[in-house]
Amino acid sequence: MNTIELLNNHRSVRVFKSKAIEQDKLYRILECGGRASNTGNMQIYSFVVTREPDNVAALSKLHFGQCGTAPLFLTICVDVNRYHHWCRLRGCDEPYDNFLWLMSGTVDASLAAQNICVAAESEGLGFCYLGTVMYNTAAIAKELSLPKGVVPVITLAMGYPDQQPNLSERLPLDGIVHYEKYHEYSDDDINRVHRIREEFPFNQEMVRQNKTDNLAQIFTKIRYPKKDNVAISKALLDFIDQAGMMNQ
């Protein structure tokens, strides 16, 4: 399978075999992450590999029980702690403890994560991206003993797949691509672009089971309601401030 086919056939795997990921294979995959493009070639990120069973179970619990059969969790963090240490040793100041570098580090960590994901699938592994890293950031940081200046932003559960999930639906390309300048969507555009998602059998079944009027209500009332968004945002901002990444 070539790279284009690999990317277009991506499936999130949530059930894994007990087989451990071989160290040489893991090294190759992480090395691909370290070769990703990044701001100024500063690599303001770190990878935390969790594979001891008790530690995997603890992390799974912090991710609300997701992917408990995974033999490995990979937490990718924005990390200015390491860079500032280097700066101090070289007689420099420490200028990266602010929102700009939180954002830059998040972008760089995301690029590294995508390299890791593509490499993992090319090596026969499966993975699931756990967005819940943003829901329980402080507790995850404590579990991983992250020092000040290190913020977890991406978690991947990874291993050998023990399932073959169906291919998820995606919006059509003309619904997400703009040429030259952003073109505002008309009502007809929105209805057309989201039709594939609203007509997807799994989503229709979710609407039926939850007795909502439409798929948008699944997201706005059940999965990601505003009150939860506000509470989680506050907790995340508090942690980022405590991590020393919001200095002016």
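## A tour from helix 10 to the pockets

Start on helix 10, on the face turned away from its buried side: the exposed residues Lys 226, Lys 227, Lys 234 and Gln 242 sit there. The model in the viewer is a predicted one.

**Stop 1: helix 10**

Now select the whole of helix 10, residues 226–242. Its 17 residues reach 24 Å from the first C-alpha to the last, close to the 24 Å expected at 1.5 Å a residue. Next, colour Leu 236, Phe 239 and Ile 240, which are buried in this helix. They cover an arc of only 95 degrees around the axis, which puts them on the same side of helix 10.

What do the buried residues of helix 10 pack against? Show helix 5 (99–122), helix 6 (137–143) and strand 4 (150–159), and the packing partners are in view. Before leaving, step along the chain to Gly 244, which follows helix 10 and has a positive phi, near 80 degrees.

**Stop 2: helix 2 and Ile 29**

Move to helix 2, residues 23–34, and pick Ile 29 within it. Is Ile 29 buried or exposed? Its relative accessible area is 1%, so Ile 29 is buried, the cut-off being under 20%. Show the residues around Ile 29: leaving out those up to four places away in sequence, it touches Ile 116, Ala 119, Ala 120, Glu 123 and Leu 125. For a distance label, use the C-alpha atoms of Ile 29 and Glu 123. The separation is 8.3 Å, while the two residues are 94 residues apart along the chain.

**Stop 3: Asn 41**

From helix 2, continue to the loop that runs between it and strand 1 (45–50), and select Asn 41 there. Asn 41 is exposed, with a relative accessible area of 60%. Its backbone deserves a check: phi is positive, about 55 degrees, although Asn 41 is not a glycine. As background, most residues other than glycine have a negative phi.

**Stop 4: helix 8**

Select helix 8, residues 201–210. Which of its residues are buried? Asn 203, Met 206 and Val 207 are. Seen down the axis of helix 8, these buried residues fall within an arc of 95 degrees, so they line one face of the helix. Turn the view to the other side of helix 8 to find Pro 201, Phe 202, Arg 208 and Gln 209 exposed. The buried residues pack against helix 7 (187–198) and helix 9.

Zoom in on Asn 203, in helix 8. This residue is buried, at a relative accessible area of 6%. Apart from neighbours within four places in sequence, Asn 203 is in contact with Glu 169, Arg 197 and Leu 215.

Then follow the chain out of helix 8 to Lys 211, which is in the loop between helix 8 and helix 9. Lys 211 has a positive phi, near 55 degrees, and is a residue other than glycine. With a relative accessible area of 77%, Lys 211 is exposed.

**Stop 5: the largest pocket**

Switch to a surface view and centre on Ser 12, Arg 14, Tyr 129, Ser 168 and Arg 223. Of the 33 residues that line the largest pocket, these five lie nearest its centre. The pocket holds about 1,300 Å³ of space.

Which elements give two or more residues to this lining? They are helix 5, strand 3 (126–129), helix 8 and helix 9 (215–223). Helix 5 supplies the largest share, four residues. Colouring the lining of the largest pocket by residue class gives 16 nonpolar, 10 polar and seven charged residues.

**Stop 6: the second largest pocket**

Keep Ser 168 selected and add Leu 7, Asn 8, Asn 9, His 10, Leu 167, Arg 170 and Leu 171 to show the lining of the second largest pocket. Ser 168 thus appears in both stops, as one of the residues nearest the centre of the largest pocket and as part of the lining here. The second largest pocket has about 260 Å³ of space. Its lining divides into three nonpolar residues, four polar and one charged.

Technical notes: Residues are numbered from 1 along each chain as its sequence is written. This is a predicted model: local features need pLDDT of at least 70, side-chain atom pairs count only at pLDDT 80 or more; totals for chains, interfaces and linings use all residues. Side-chain values use heavy atoms; hydrogens and water are left out. The expected span of a helix is 1.5 Å times one less than its number of residues. Buried means under 20% relative accessible area, exposed over 50%, partly exposed in between (1.4 Å probe, protein chains only). The arc is that of the directions from the helix axis to the C-beta atoms. Contact means heavy atoms within 4.5 Å. On a 1 Å grid over the protein atoms alone, a cavity is a set of points where a 1.4 Å probe fits but cannot get out, and a pocket is an open set with protein on both sides within 12 Å along at least five of seven lines; lining residues have an atom within 4 Å of a point. Grid points are joined across faces, edges and corners, and a volume is the space filled by probe spheres set on the points. Ala, Val, Leu, Ile, Met, Phe, Trp, Tyr, Cys and Pro count as nonpolar, Asp, Glu, Lys and Arg as charged, and the others, Gly among them, as polar.
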